[in-house]
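Here are a few notes to help you find your way around this one. Have the 3D view open as you go through the points.

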Amino acid sequence: KKGTFAKDGEPITKIILTGHSLGGGLAQVAHLFLRASDSLANICKDVEIRTVALSAPMTTVLNNPSGETKKFINRIAPYMRNIVFNADVVPRGYGNLDFIRNFVNAFQQE
């Protein structure tokens, strides 16, 4: 038998990773790891992997990504979601560091 199997011998066809806040960030990183690691990607090649994160922080920062990295991200992006409630600061924090810093500094000066 070839493939990836559960303890009961049934083939694993889908893995859904999920988590809230930091757990959601870890789920996203695990998804990237399962798809980017050559050995794991080969083992899981016939397994659909999806991630549903709830208010997870930003886990990936890409400054000048290579063409290969862009292809990889475009390939897995449809299988990853981060559901964010309204104005939750945790998932938006990294992208708004300048705003947060200025906000804190304004209160410190008063």
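1. Start at the far end: Phe107 belongs to helix 5, which covers residues 97-109. Keep in mind that this is a predicted model. Phe107 comes out at 53% relative accessibility, and since anything over 50% counts as exposed, Phe107 falls in that class.

2. Phe107 also has company. Together with Met58, Val61, Tyr94, Leu97, Phe99, Ile100, Phe103 and Val104, Phe107 makes a nonpolar surface patch of about 880 Å².

3. Helix 5 holds a charged pair as well: Asp98 and Arg101 sit 3 residues apart there, about one turn of the helix. They form a salt bridge whose closest N and O atoms are 2.8 Å apart. Asp98 is exposed at 53% relative accessibility, while Arg101 is partly exposed at 46%.

4. How many salt bridges does a search of the whole structure find? The count is 2. Besides the pair in helix 5, Arg50 bridges to Glu48, with 2.3 Å between the closest N and O atoms. Arg50 is partly exposed at 32%, and so is Glu48, at 27%.

5. Now the sheet: 3 strands, open, in the order 1-2-3, with parallel pairing. Strand 1 (14-20) and strand 3 (80-83) each have a single partner strand, so one side of each has no neighbour in the sheet. On average, neighbouring strands are turned by 10° against each other, direction ignored.

6. Strand 2 (residues 48-54) pairs with strand 3 over 4 bridges, and Ala53 stands opposite Asn82 of strand 3. Helix 1 (residues 22-36) packs on this sheet and touches strands 1, 2 and 3; its direction makes about 150° with that of strand 1.

Conventions: Residues numbered from 1 in each chain as written. Predicted model: local features only at pLDDT ≥ 70, side-chain atom pairs only at ≥ 80, totals over all residues. Heavy atoms only, no water. Pairing = 2+ DSSP bridges. Helix = DSSP H or I, 4+ residues; strand = E, 2+ residues; numbered from the N terminus. Axes fitted to C-alpha atoms, helices over the stretch in contact; angles between N-to-C directions. Contact = heavy atoms within 4.5 Å. Patch = residues over 30% accessible without salt bridge, like charges linked within 9 Å, V, L, I, M, F, W, Y side chains within 5 Å. Areas by Shrake-Rupley, 256 points an atom, 1.4 Å probe, with all protein chains shown as cover. Salt bridge = Lys/Arg side-chain N within 4 Å of Asp/Glu carboxyl O. Buried < 20%, exposed > 50% of the residue type's maximum accessible area, 1.4 Å probe, protein only.
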